[in-house]
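Please open the model in the viewer and follow the selections below in order. Each stop names what to select and then states what is there.

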Amino acid sequence: MEGRPPVKGNASQHPLPWTQSQEDGRPAALERIRQAVRRKQHDRLTSLYHHIYQVAHLREAYFALQRQAAPGVDGVTWQQYGQDLDANLQDLSKRLARGAYRATAVRRAYIPKPDGRQRPLGVPALEDKIVQCVTAWIFSVIWEEEFRGFSYGFRPGRGPHHALDALMVGIHRKRVNWILDADIQGFFDHVSHAWLVRFVEHRIGDRRVIRLIQQWLTAGVLAEGGWTPSEEGVPQGGLISPVLANIYLHYAFDLWAHAWRKRNAHGDVIVVRYADDIVLGFEHRAEAVQFQEELRARLAKFDLTLHADKTRLLEFGRFAVRNCGRRGQGKPATFDFLGFTHICGQAAQDRFIVRRQTMRKRLRAKRQEVKAELRRRRHDPIPQQGRWLRSVLLGHYRYYGVPLNRQALAAFRAQVLRLWTHALRRRSQKSRLTRTRRSRLERKWLPVPHIYHPFPWQRLHVTT
């Protein structure tokens with residue numbers, strides 16, 4: 001997928017979602033920026049700041065925010081800010097124009113990870129979200145012309161299933177015998193501010209935009225009543241952070257990996273990157289080992305390190321089952337990517353196929369989440385519980401509903417039914433939940449598993 005040219009006539013289309021309103025000039029402004037980037041492929045853009053403080057752009061960014069998102073350190077919610085929206089946006093625009101705008105420290109929050117640890121998030125203030133949203137639109141337009149085809153994370157028109165499709169098709173159609181599952185340790189927490197600013201300055205010559213980025217990077221974190229300065233990293237939760245992370249890895253990894261493949265590889269090499277999750281496929285083991293060693297040195301130059309335990313080189317491909325059987329090693333090793341465990345499998349007539357199953361720790365974490373929420377909703381009306389469980393199952397099916405994964409979907413549905421049955425029987429000491437009634441509730445509220453995604457090569461044939 002990464003090597004195919006775009007369909008004729010699609011290159012000039014806008015890469016970000018537009019609203020139906022034609023009153024603001026954001027689409028036209030972004031199109032002018034895109035044309036300037038194409039005309040000046042190696043020059044820096046020196047006049048961008050005025051696009052950020054236009055009231056029309058700020059208003060559209062405000063309506064693009066999540067309305068139920070948690071507030072930052074200022075405590076202002078989306079609804080409160082919108083009570084006097086015009087006056088607030090006018091004031092924000094004037095402060096940006098005269099250089100009086102100051103970034104606010106982010107509020108530290110934690111969300112549980114599938115392995116039981118806590119992932120730290122930084123929640124910006126509402127006005128910071130608005131300004132970051134406009135800046136992210138501009139940066140996406142500029143660097144979308146430069147990003148490599150094997151980069152899929154946080155890009156318009158691309159999502160995790162595009163990366164999964166590209167990886168599966170690459171393994172099937174290229175001579176892939178070895179997989180390098182590379183994991184950058186604490187990437188978002190160890191991004192070098194100095195290097196990031198240098199990377200942004202490759203295309204941005206407007207010093208006022210650079211100062212905005214520096215303000216967000218050094219605003220600090222407010223947690224447990226104390227302020228902590230930010231000397232490295234980008235806060236996970238900021239609207240500008242995904243774009244900045246893509247820019248960082250574009251120069252630190254993507255360009256280097258693409259050049260290494262053309263310069264050093266004698267066999268096939270595939271690359272798929274989604275944010276800081278990187279999977280590479282190699283035809284020859286020696287090239288995979290060489291790439292891993294040089295990648296470790298390359299990342300060290302930019303203050304990044306490969307996770308010693310999570311980075312693995314494993315035999316995987318159409319000959320892996322046969323080779324492991326000859327050595328008496330059993331089945332080939334598996335690897336995880338974007339919530340799926342990838343397995344060497346066999347289809348009809350002993351044809352090789354990559355089987356994708358839901359990761360066990362993701363299933364376990366989701367089961368614990370449903371269990372805790374059912375405990376909280378135990379005494380809610382049954383139709384209300386049923387509607388919530390239906391939304392949970394449908395959301396799970398829409399992401400994990402890939403071919404050959406129906407068994408894992410059915411197992412998750414059975415677990416949800418068992419948890420719901422236990423919760424309903426705990427509503428009182430005289431439970432009336434008979435088998436007949438349970439079956440009726442199951443048929444009414446718990447949808448059966450459904451495969452929402454086609455085989456990857458079918459979808460790639462359509463999109464390319």
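Throughout this tour, two residues are said to be in contact when heavy atoms of theirs lie within 4.5 Å. The model is predicted, and every value quoted here is computed from it.

**Stop 1: L249 and its surroundings**

Select L249, which lies in helix α10. Its relative accessibility is 1%, and because buried means under 20%, L249 counts as buried. Now display its contacts, leaving aside neighbours within four places in sequence: I184, F187, D254, R273, A275, D276 and L304. Keep F187 on display for a later stop.

**Stop 2: the sheet beside α10**

Select the four strands that form an open sheet in the order β6-β7-β3-β8, with antiparallel pairing. β6 (269-274) and β8 (312-315) stand at the edges, and each has a single partner strand, so one side of each is left without a neighbour in the sheet. From one strand to the next, the twist averages 15°. Restore helix α10 (residues 241-264) to view: this helix packs on the sheet, where it touches β6 and β7 (277-282). The direction of α10 makes about 175° with that of β6.

Next, isolate strand β3 (residues 178-183) together with β8. The two pair in the antiparallel sense over four bridges. Which residue of β8 is the bridge partner of D181? The partner is R312.

**Stop 3: aromatic pairs**

Select the rings of Phe, Tyr and Trp; pairs with ring centres within 6.5 Å number 23. Begin with F187 and Y248. Their ring centres are 6.2 Å apart and their planes stand at 65°, so the pair is edge-to-face. This pair links distant parts of the chain, with F187 in the loop between β3 and α8 (193-200) and Y248 in helix α10, 61 residues apart. Both F187 and Y248 are buried.

Extend the selection to F188, W195, F199, Y251 and F302, which ring pairs link with F187 and Y248 into a cluster.

Move then to F282 and F291, an aromatic pair that is tilted, with 5.6 Å from centre to centre and 55° between the planes. Are these two residues buried or exposed? F282 has 0% relative accessibility and counts as buried; F291, at 1%, also counts as buried. To relate this stop to the first, draw a distance from L249 to F282: the two are 33 residues apart in sequence and 21 Å apart in space, C-alpha to C-alpha.

**Stop 4: helix α5**

Finally, select helix α5 (residues 85-98). Its 14 residues reach 20 Å from the first C-alpha to the last, close to the 20 Å expected at 1.5 Å a residue. Colour L85, L89, L92, S93, R95 and L96, which are buried, and look down the axis of α5. These buried residues fall within an arc of 165°, so they line one face of the helix. An α-helix has 3.6 residues a turn, so residues three or four places apart point the same way.

Which elements do the buried residues of α5 pack against? They pack against α2 (49-52), α3 (55-64), α4 (78-82) and α6 (126-144). Turn to the face directed away from the buried side of α5, which carries the exposed residues K94 and R98. End at G99, which follows α5 and has a positive phi, near 80°.

Technical notes. Residues are numbered from 1 along each chain as its sequence is written. This is a predicted model: local features need pLDDT of at least 70, side-chain atom pairs count only at pLDDT 80 or more; totals for chains, interfaces and linings use all residues. Side-chain values use heavy atoms; hydrogens and water are left out. The expected span of a helix is 1.5 Å times one less than its number of residues. Buried means under 20% relative accessible area, exposed over 50%, partly exposed in between (1.4 Å probe, protein chains only). The arc is that of the directions from the helix axis to the C-beta atoms. Two strands pair if DSSP finds at least two bridges between them. Axes are lines fitted to C-alpha atoms, for helices over the stretch in contact, and angles run from 0 to 180 degrees between N-to-C directions. Rings of Phe, Tyr and Trp (its six-membered ring) pair if their centres lie within 6.5 Å; planes under 30 degrees apart count as stacked, over 60 as edge-to-face and the rest as tilted.
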